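Reader: I am new to this structure and should like to learn how its descriptions are justified. May I put some questions about the terms that are used?

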Amino acid sequence: MHIGEVAARTDLSVRSLRHWEEVGLLTPSGRTDGGFRLYTDGDVEKILAIRRMKPLGFSLDEMKDALAHLEALRDPATDGAVRERAVAHLAAVRADAGERRQKLVRQLEMADEFIGILDREAP
């Protein structure tokens, strides 16, 4: 897939995809003879994972680490010790993501309370 199709499928801008490549978070699987980026379904899965981590406030390095461990688990050639480290790392990321989600839920509740105040005070 070309970058425009990937942007449409992931609801992201072409600029975001290019930026993620520039910062080393994403690498297209290939290039055309003309130099255009080519992405696979696997790349799209990775992009969607990045998009889902962003609202949780993970840093670029945290996202890179999580993605590397996910890729290790998806690779059938990954040896047992590496697989165990990946599982342990992702369990920690899962716990962290859960805490970050709870924080977002609390913020959303506060926003809803404020909207309720406005609805009551200025209907």
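The following exchange sets values against definitions for this predicted model.

Author: The secondary structure comes to 5 helices and 2 strands, and from the N terminus on the elements run α-α-β-β-α-α-α.

Reader: Why is the chain called more spread out than a compact globule?

Author: The globule rule gives 14 Å for 123 residues, whereas the radius of gyration of the chain is 19 Å; this is well over the rule, so the chain is more spread out than a compact globule. The C-alpha atoms fill a box of roughly 60 × 40 × 20 Å along the principal axes.

Reader: What share of the residues in the chain is buried?

Author: Buried residues make up 26% of the 123 residues. The word requires a relative accessible area under 20%.

Reader: Which residues have the most contacts inside the largest nonpolar core?

Author: They are Val6, Leu17, Trp20, Tyr39 and Ile47, in a core of 23 residues. Two or more residues each are given to this core by helix H1 (3-10), helix H2 (14-22), helix H3 (41-53), helix H4 (60-74) and H5. The largest share, 6 residues, comes from H3. As for Leu17, residues up to four places away in sequence are not counted, and Leu17 then touches Ile3, Val6, Ala7, Leu12, Leu26, Tyr39 and Ile47.

Reader: What makes the meeting of Arg9 and Asp41 a salt bridge?

Author: The term asks for a side-chain nitrogen of Lys or Arg within 4 Å of a carboxyl oxygen of Asp or Glu. The side chains of Arg9 and Asp41 meet at 3.4 Å, N to O, so the pair satisfies the definition. Arg9 lies in helix H1 and Asp41 in helix H3, so the pair ties together parts that are 32 residues apart in sequence.

Reader: Why do Arg9 and Asp41 count as partly exposed?

Author: Partly exposed is the class between under 20% and over 50% relative accessible area. Arg9 has 46% and Asp41 has 49%, so both belong to that class.

Reader: How do you know that Glu71 and Lys46 form a salt bridge?

Author: Their side chains meet at 3.0 Å, N to O, and the limit is 4 Å. This pair links distant parts of the chain, with Glu71 in helix H4 and Lys46 in helix H3, 25 residues apart.

Reader: Why does Lys46 count as buried, and why is Glu71 called partly exposed?

Author: Lys46 has 19% relative accessibility, and the limit for buried is under 20%, so Lys46 counts as buried. Glu71, at 40%, counts as partly exposed.

Reader: Which residue forms a salt bridge with Glu21?

Author: Arg37 does, the closest N and O atoms being 2.4 Å apart. Arg37 is in strand E2 (residues 37-38) and Glu21 in helix H2, 16 residues apart. Glu21 has 22% relative accessibility and therefore counts as partly exposed. Salt bridges that share partners join Glu21, Arg31 and Arg37 into one network. A search of the whole structure finds 6 salt bridges.

Reader: What makes Ile115 eligible for a nonpolar surface patch?

Author: A patch takes residues with over 30% relative accessible area and no salt bridge. Ile115, in helix H5 (residues 80-121), has 44% relative accessibility, so Ile115 passes the area limit. The patch, of about 360 Å², is made by Phe114, Ile115, Ile117 and Leu118.

Key:
Residues numbered from 1 in each chain as written. Predicted model: local features only at pLDDT ≥ 70, side-chain atom pairs only at ≥ 80, totals over all residues. Heavy atoms only, no water. Patch = residues over 30% accessible without salt bridge, like charges linked within 9 Å, V, L, I, M, F, W, Y side chains within 5 Å. Areas by Shrake-Rupley, 256 points an atom, 1.4 Å probe, with all protein chains shown as cover. Helix = DSSP H or I, 4+ residues; strand = E, 2+ residues; numbered from the N terminus. Buried < 20%, exposed > 50% of the residue type's maximum accessible area, 1.4 Å probe, protein only. Core = buried A, V, L, I, M, F, W, Y, C linked by side-chain atoms within 4.5 Å. Contact = heavy atoms within 4.5 Å. Rg over C-alpha atoms; globule rule 2.2 N^0.38 Å.
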